[in-house]
Amino acid sequence: MNNLSVELRRQLLDKLDSCTDVSDDQILSMIDEMVLEAGKTKDLPLAEMEDLRRSLFCSVRRLDVLQDLLDDPEITEIMVNGYRHIFYEKHGKIREWDHCFESKMRLEDVIQQIAGWCNRVVNEQRPIADARLPDGSRVNIVMDPVAIDGPVVTIRRFPEEPIRMEDLVRLGSLTVEAADFLKDLVEARYAILVGGGTSTGKTTFLNALTAYIPESERVLTIEDNAELQIQRVRNLVRMEARSANLEDAHEITIRDLIKTALRMRPDRLLIGEIRGAEAEDLLTSLNTGHDGGMCSLHSNNVRDSIGRIEVMVLMSNEELPIPVIRRQIASGVEILVHLSRDAAGARQLSEIAEITGMDGNEVQIRTLFARDQEGVLRKKNTLTRTGKLEKLYERKGGKYQR
């Protein structure tokens, strides 16, 4: 903000301090009066007055200088590194923005506004928090004293309309053949884990897979921050973990939610992402008759997904033997999907693999689809565990062909 903006904002806040329950329209009326007066005094052009009007409103009722970025549907990530430096990702490229907050205090005000929307607490005693914006965007906040150079805010954007598998095919993320195969796997209730690195589109892909869930099923979703956008299922229960706060509200973990979800008669359990000890509860559910579960996790490749699950289970039970964990994985998890980003930053499906069982103490993986040296996704092998697909095709009056 320039000096005029700062002064007008101060005047606006003084007016608002003496008011209660002020609507957006009333605030805009106050701003219009102030901007018109300033325009006459400073001889401001109309375009500058309009920019001033918008910036003042966003500074008190939106997210200040971040609002323009949030209003751009092509921006997928916003990164605030202290009040002076703001970066954003657009079309797979990260750029620095030419705007910043007027002060560290103003950035902190915006952070408290975000935290308040989600009933989160973030301060020097609790300097790390996860939250979400009203539009569903995921927010991570790190405050002093953990963030040495000032508060850090990272916002992951999601499209207003869920991206469909057809959209991913059109964008080149996967082929029609792979999409049709995944559709059959979801309908047949195979347990699917979607892995990938940071910002490879795991949540987006999981959303696209959920479009293939039959409308008649009872679906329960469990997430740290509610991001899944399931559209077709009417019998839907959405649950979100909760951190402890200063009002003595107890922490509700992903593990707590999985355990209670299994008592809610789910046809299918979806977990936004597993990050820790809840992996043990996920395996338990997959091995106790709860078919068709899906979740995401961070991993470098499909083989690494197995190791990641092992480590996460050990976070819950260090005494559980590795061979036992691997047998639970091999009997409960059926399909591994791995996502990545190409050299240009485009998100893509890089591999679909099947867990075929155990060989000694090792989980066996069979690649079904993978990208060749030219980067083209091709079918490599046929599925071996075809029992569920055969039953699906029988219900549809057909016969499954490998």
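Colleague: Which residue in β14 is the bridge partner of Glu 354?

Modeller: This is a predicted model, and in it strand β13, residues 347-359, pairs with strand β14, residues 362-371, in the antiparallel sense over eight bridges. Within β14, the residue that serves as bridge partner of Glu 354 is Arg 366.

Colleague: Which strands are the edge strands of the open sheet of nine strands?

Modeller: The order of this open sheet, whose pairing is mixed, runs β9-β8-β10-β11-β7-β12-β13-β14-β15. Neighbouring strands in this sheet are turned against each other by 25° on average, direction ignored. An edge strand pairs on one side only, and the two strands that do so are β9 and β15.

Colleague: What angle does the direction of helix α8 make with that of β11?

Modeller: Helix α8, residues 202-210, packs on the sheet and touches β7, β10, β11, β12 and β13. Taken against the direction of β11, which spans residues 294-298, the direction of α8 makes an angle of about 165°.

Colleague: Why do the buried residues of α9 line one face of the helix, and within what arc do they fall?

Modeller: In helix α9, which covers residues 254-261, the buried residues are Ile 254, Leu 257, Ile 258 and Ala 261. An α-helix has 3.6 residues a turn, so residues three or four places apart point the same way. Seen down the axis of α9, the buried residues therefore line one face, since they fall within an arc of 100°.

Colleague: Against which elements do those buried residues of α9 pack?

Modeller: Three of the elements that the buried residues of α9 pack against are strands, namely β8 (219-223), β9 (236-240) and β10 (268-271). The list is completed by a helix, residues 278-286, which is α10.

Colleague: Is Ser 340 buried or exposed, and with what relative accessible area?

Modeller: Ser 340 lies in strand β12, residues 335-341, and, leaving aside neighbours within four places in sequence, Ser 340 is in contact with Thr 200, Ala 346, Arg 347, Gln 348 and Ser 350. Buried means under 20% relative accessible area, so Ser 340 counts as buried, its value being 18%.

Colleague: With the side chain of which residue does the side chain of Arg 156 make a polar contact?

Modeller: Arg 156, placed in strand β6, residues 152-156, is buried, with a relative accessible area of 16%. Not counting residues up to four places away in sequence, Arg 156 touches Thr 76, Glu 77, Ser 137, Arg 138, Thr 198 and Ser 199. The side-chain polar contact, at 2.7 Å, is with Glu 77.

Methods: Residues numbered from 1 in each chain as written. Predicted model: local features only at pLDDT ≥ 70, side-chain atom pairs only at ≥ 80, totals over all residues. Heavy atoms only, no water. Buried < 20%, exposed > 50% of the residue type's maximum accessible area, 1.4 Å probe, protein only. Helix = DSSP H or I, 4+ residues; strand = E, 2+ residues; numbered from the N terminus. Arc of directions from axis to C-beta. Contact = heavy atoms within 4.5 Å. Polar contact = N/O pair within 3.5 Å; in protein donor to acceptor, adjacent residues only side chain to side chain. Pairing = 2+ DSSP bridges. Axes fitted to C-alpha atoms, helices over the stretch in contact; angles between N-to-C directions.
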